[in-house]
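Here's a quick look at how some helices pack and how two chains meet. Have the model open as you read.

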Protein chains: 2
Amino acid sequence: MKAHVLFSGGKDSSLSAMILEPYFEVRLVTCNFGILPTGEVAKQIADELGFSHMVIQPPMEILENAAEIVQKDGFPNGAINYIHRQVLEILAKTDGVELIADGLRRDDRVPHLEQSEIQSFEDRHKVLYCSPLMGFGRFTINKMIESNLVITEEESAVILKCDYEAELREYLYRELGEDETHKHFPKSHKQSRVISRLRKQESEN
Amino acid sequence: MKAHVLFSGGKDSSLSAMILEPYFEVRLVTCNFGILPTGEVAKQIADELGFSHMVIQPPMEILENAAEIVQKDGFPNGAINYIHRQVLEILAKTDGVELIADGLRRDDRVPHLEQSEIQSFEDRHKVLYCSPLMGFGRFTINKMIESNLVITEEESAVILKCDYEAELREYLYRELGEDETHKHFPKSHKQSRVISRLRKQESEN
């Protein structure tokens, strides 16, 4: 069975894919609205990790709606939640998609799906959905990552993370300028991105 | 890092251990109150799976309290929840235990731990706790199991499952007799137990 794993180039979505790897034919999926080259960057990281990769480009309307939600709420959580749900819907309708996974953790505040939403999503689309890290906390995940992935941590201005927030922030920046954007997103913000994978044979040699 | 995985000999706890295997030194742990030989049966299955195994014997008082909870509630959920929490506490205080895992799934009703309880448990005992299957639903788990484990499914009267319920039911049966026990536990009840593991090389040869 194929598993389509939503992929931001970060630690959590990488580890989610690695957990599923022994059980499914994993394909990484990055969402791109055409604002930043997140699809290309994510593809390079996917190559490093040894996974096949595809980009989905949702309608621009979704990013526009998300920008409105940020401005209305004053912070990005609701908008991130909104984009994630829309992307799940689009992916579920894509040919050949049977199982969708994302990188959500136990202590993630957003995106967050309730059990009843998950049930409804799986039933409506006749797909399976899972979040391989949902039963793990941050410290346990860090332990799992440290011997398996090489990570870089930099300011979000320095590295391009291929998540919803990167394009949403850039979109707001272009539409409304720096001051308005920084009302809703912190100016300085550490991001992590995966560089490469430590394979068993490498760490043993 | 060591991971101590609570193990009932069933599909869920076996798969939980297999998910952790690439990242931790896994040891399976079966809880036994001395009522049924669940420790020995679980040890045999652990050997089949290729994991080390230990038995913990909590104070009999815990099973007695659980039996009272069943009779008060009229169904076993609260008692199972109670035993699970007590066992987690005992395991967390055991020498050399740094990370505790259990086989809880997304759609399990019991045992169930709230996020705030998990946080408190980890903080109080300076241990990590995870439930590797918490982000997975039943159908996805079955897909993961079907190419990796050989399972038998039988009436609970036929096979001995090494979970809390097996000893709790037997304890009630001995104390209160068949009629009283079957008020709280269904008479006929399909159980599954792991027989062996399909290793990659075996399924490819």
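In this predicted model, helix 4 of chain B crosses helix 7 of chain B in a right-handed way (right-handed if the near helix is turned clockwise from the far one by less than a right angle, left-handed if anticlockwise). The angle between helix 4 (residues 77–92) and helix 7 (residues 164–184) of chain B is about 120 degrees, and their axes lie 10 Å apart. That is why helix 4 of chain B counts as oblique to helix 7 of chain B (under 35 degrees is roughly parallel, over 145 roughly antiparallel, 65 to 115 roughly perpendicular, and the rest oblique). Helix 4 of chain B touches its partner through Ala79(B), Ile80(B), Ile83(B), His84(B) and Val87(B), while helix 7 of chain B brings Tyr164(B), Glu165(B) and Leu168(B) (contact means heavy atoms within 4.5 Å). Sorted by character, the residues of this contact are six nonpolar, one polar and one charged.

Over in chain A, helix 3 passes helix 4 in a right-handed crossing as well. Helix 3 of chain A and helix 4 of chain A are therefore roughly antiparallel, with an angle of about 160 degrees. From helix 3 of chain A come Ile62(A), Leu63(A), Asn65(A), Ala66(A), Ile69(A), Val70(A) and Asp73(A), and from helix 4 of chain A come Gly78(A), Ala79(A), Tyr82(A), Ile83(A), Gln86(A) and Ile90(A). Here the split is nine nonpolar, three polar and one charged.

| Helix pair | Angle | Axes apart |
|---|---|---|
| Helix 4 and helix 7 of chain B | about 120 degrees | 10 Å |
| Helix 3 and helix 4 of chain A | about 160 degrees | 8 Å |

Now for the two chains together. A turn of 180 degrees, with a shift of 0.0 Å along the axis, lays chain B on chain A with an RMSD of 0.0 Å (least squares on the C-alpha atoms of residues with pLDDT of at least 70 in both). The two copies are thus related as by a two-fold rotation axis. Both use the same surface, since 100% of the contact residues of chain B recur in chain A.

How many residues does the contact take from each chain? It takes 28 from chain B and 28 from chain A. Between them the chains bury about 2300 Å², 63% of it on carbon and sulfur atoms (accessible area, 1.4 Å probe, lost on being put together and summed over both parts). Tyr23(B), Arg106(B) and Thr140(B) supply 28% of the area that chain B buries against chain A, more than any other three residues.

Residues are numbered from 1 along each chain as its sequence is written, and chains are lettered from A in the order in which they are written. Local features need pLDDT of at least 70, while totals for chains and interfaces use all residues.

Note on methods. This is a predicted model: local features need pLDDT of at least 70, side-chain atom pairs count only at pLDDT 80 or more; totals for chains, interfaces and linings use all residues. Side-chain values use heavy atoms; hydrogens and water are left out. Axes are lines fitted to C-alpha atoms, for helices over the stretch in contact, and angles run from 0 to 180 degrees between N-to-C directions. Helices (H or I, at least four residues) and strands (E, at least two) are DSSP runs, numbered from the N terminus. Ala, Val, Leu, Ile, Met, Phe, Trp, Tyr, Cys and Pro count as nonpolar, Asp, Glu, Lys and Arg as charged, and the others, Gly among them, as polar. Buried area is the accessible area (1.4 Å probe) that two parts lose on being put together, summed over both.
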